[in-house]
Amino acid sequence: MKDFVSTKDISRVELEELFAIAKDIKKNGCEFKEALKGFIVATLFYEPSTRTRLSFESAVLRLGGSLISTENAKENASAKKGESLEDTIKIIEGYADMIILRHNENDSSLRASKVSKVPIINAGAGGGEHPTQALLDVFTMQEKKNIDGIKIAIMGDLKYGRTVHSLLNLLSLYKNIVVYGFAVKSLELPKNYKDILISKGITYIECHEFDEIPNNVDFIYQTRVQEERLEEKEKHLSKFILNKDNFSRFSDSTYILHPLPRVDEISTDLDGDKRALYFTQAHNGVYIRQALMYKIKKDFYENNI
Ligand code: NCD
């Protein structure tokens with residue numbers, strides 16, 4: 001593996017290999033503290049980020065690597081002067097051994113990977129994909145349950161929620177998955193994603209009322225409405241807030257996930273519930289990103305895969 005641009009590009013075998021590495025790192029982190037020694041990673045972020053950038057940077061440092069970083073690439077001289085993403089990548093490939101890219105355009109990471117000599121990891125591309133978030137989501141889920149055969153409710157912004165798109169691709173690697181997609185009409189899952197899911201054997205049930213989600217789902221994946229990506233007519237829609245009261249009908253083993261940041265779509269009265277996994281998810285992000293960079297370095301630089 002050289003680049004990690006989309007969750008469509010990973011096989012079940014590779015995913016399980018990655019989870020095994022992440023599990024090992026979570027348990028025996030010290031043994032990996034020189035894995036990226038002498039290696040420089042660039043974090044190139046054209047859109048805001050707290051968790052993704054800092055967890056990548058923490059992951060690099062925990063593996064003994066070095067960092068060069070730009071948090072606000074859109075405002076940087078090169079972008080302001082009109083430099084293309086491709087040209088910027090062709091420059092940075094001479095400064096770093098791996099590039100972590102967040103950008104506002106859906107095809108940004110793919111374009112970058114086509115021109116880059118060094119590996120590109122997609123850290124969020126417009127309203128398209130956010131594949132490393134999906135890795136940590138599923139890693140967190142499989143710590144609780146065997147994923148084959150799960151029922152999951154995915155809600156909030158299914159149209160622009162890039163974490164949702166990447167998560168659904170990953171879930172399609174498992175068997176007998178049932179997804180309840182709950183969103184207001186204008187933020188439903190786009191048809192092209194639905195078609196892919198169905199072709200891969202996922203059962204997708206569209207819901208417009210919260211009550212249509214059965215009490216025994218294994219996971220509820222709530223998301224933030226991506227206000228910054230909405231068209232004017234999509235703004236000011238009513239939003240569903242998950243709280244202690246409406247969550248009380250679910251089973252003792254229905255877990256709550258959220259990629260974060262939340263605005264108010266999960267009430268803080270759920271934070272103390274042992275089924276609320278969102279902070280664990282964010283922390284698992286470091287281990288899974290360590291595992292991914294470790295694997296890419298081995299595959300690409302050591303084994304020429
Ligand atoms: C998500 C993103 O950037 O897409 N955040 C994250 O990286 N965890 C979700 C969001 O912004 O709503």
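**Entry 1: the two domains**

I started with the domains and found that 18 residues of domain 1 are in contact with 18 residues of domain 2. Note to self: this is a predicted model, not an experiment. I then looked up the bounds. The domain assignment gives domain 1 as 7-130 + 283-302, so I have to look at two stretches of the chain for that one, and domain 2 as 145-276. I also looked up how far apart they sit: the centres, taken over C-alpha atoms, are separated by 26 Å.

**Entry 2: α6 against α10**

Next I went to helix α6, which covers residues 131-142. How do α6 and α10 pack? I got an angle of about 115°, with 8 Å between the axes. That makes α6 roughly perpendicular to α10, since the range for that word is 65 to 115 degrees. I put down the crossing of these two helices as right-handed.

I listed who takes part. From α6 I have Thr132, Gln133, Leu135, Leu136, Asp137, Phe139 and Thr140, and from α10 I have Thr280, Gln281, Asn284, Gly285, Ile288, Arg289 and Leu292. Sorted by class, the contact of α6 with α10 has five nonpolar, seven polar and two charged residues.

**Entry 3: threonine 132**

One residue of α6 got its own look: threonine 132. Is threonine 132 buried or exposed? It has a relative accessible area of 1%, and buried means under 20%, so threonine 132 is buried. I skipped its neighbours within four places in sequence and noted the contacts of threonine 132: Phe4, Phe56, Ile121, Asn122, Ile288, Arg289 and Leu292. Ile288, Arg289 and Leu292 were already in my notes as α10 residues in the contact with α6.

**Entry 4: α6 against α7**

I stayed with α6 and turned to helix α7, residues 162-171. The two pack at an angle of about 55°, and their axes are 8 Å apart. Angles from 35 up to 65 degrees are not in any of the named ranges, therefore I call α6 and α7 oblique to each other. α6 passes α7 in a right-handed crossing.

On the α6 side I wrote down Pro131, Gln133, Ala134, Leu135, Asp137, Val138 and Met141; on the α7 side they meet Thr163, Ser166, Leu167, Leu170 and Leu171. The classes for the contact of α6 with α7 come out as eight nonpolar, three polar and one charged.

**Entry 5: α1 against α10**

Back to α10, which runs over residues 278-302, and this time I paired it with α1, residues 12-27. The angle between them is about 120°, and the axes lie 8 Å apart. That makes α1 oblique to α10. I also noted that α1 passes α10 in a right-handed crossing.

Which residues of α1 meet α10? I found Glu14, Glu17, Leu18, Phe19, Ile21, Ala22, Ile25 and Lys26. Their partners in α10 are Asn284, Tyr287, Ile288, Gln290, Ala291, Leu292, Tyr294 and Lys295. The residues of the contact of α1 with α10 split into ten nonpolar, two polar and four charged.

**Entry 6: leucine 260 and proline 261**

Now for some loops. I found a cis peptide bond between leucine 260 and proline 261, with omega at about 5°. Proline 261 is in the loop between β9 (255-257) and α10, and leucine 260 is found in the loop between β9 and α10 too. Leucine 260 gave me another thing to jot down: its phi is near 65°, a positive value in a residue other than glycine. At 13% relative accessibility, leucine 260 counts as buried.

**Entry 7: asparagine 176**

Asparagine 176 is in the loop between α7 and β6. Its phi is near 55°, again a positive value in a residue other than glycine. Buried or exposed, for asparagine 176? Its relative accessible area is 60%, and the cut-off for exposed is over 50%, so asparagine 176 is exposed.

**Entry 8: valine 184**

Last stop: valine 184, in the loop between β6 (178-182) and α8 (191-199). Its relative accessibility is 29%, so valine 184 counts as partly exposed. Leaving aside neighbours within four places in sequence, valine 184 is in contact with Leu237 and Ser238. I also checked valine 184 against leucine 277: they are 93 residues apart along the chain, and their C-alpha atoms are separated by 24 Å.

Methods:
Residues are numbered from 1 along each chain as its sequence is written. This is a predicted model: local features need pLDDT of at least 70, side-chain atom pairs count only at pLDDT 80 or more; totals for chains, interfaces and linings use all residues. Side-chain values use heavy atoms; hydrogens and water are left out. Axes are lines fitted to C-alpha atoms, for helices over the stretch in contact, and angles run from 0 to 180 degrees between N-to-C directions. Helices (H or I, at least four residues) and strands (E, at least two) are DSSP runs, numbered from the N terminus. Angles under 35 degrees count as roughly parallel, over 145 as roughly antiparallel, 65 to 115 as roughly perpendicular and the rest as oblique. A crossing is left-handed if the near helix is turned anticlockwise from the far one by less than a right angle, and right-handed if clockwise. Contact means heavy atoms within 4.5 Å. Ala, Val, Leu, Ile, Met, Phe, Trp, Tyr, Cys and Pro count as nonpolar, Asp, Glu, Lys and Arg as charged, and the others, Gly among them, as polar. Buried means under 20% relative accessible area, exposed over 50%, partly exposed in between (1.4 Å probe, protein chains only). Domain bounds come from an automatic or database domain assignment.
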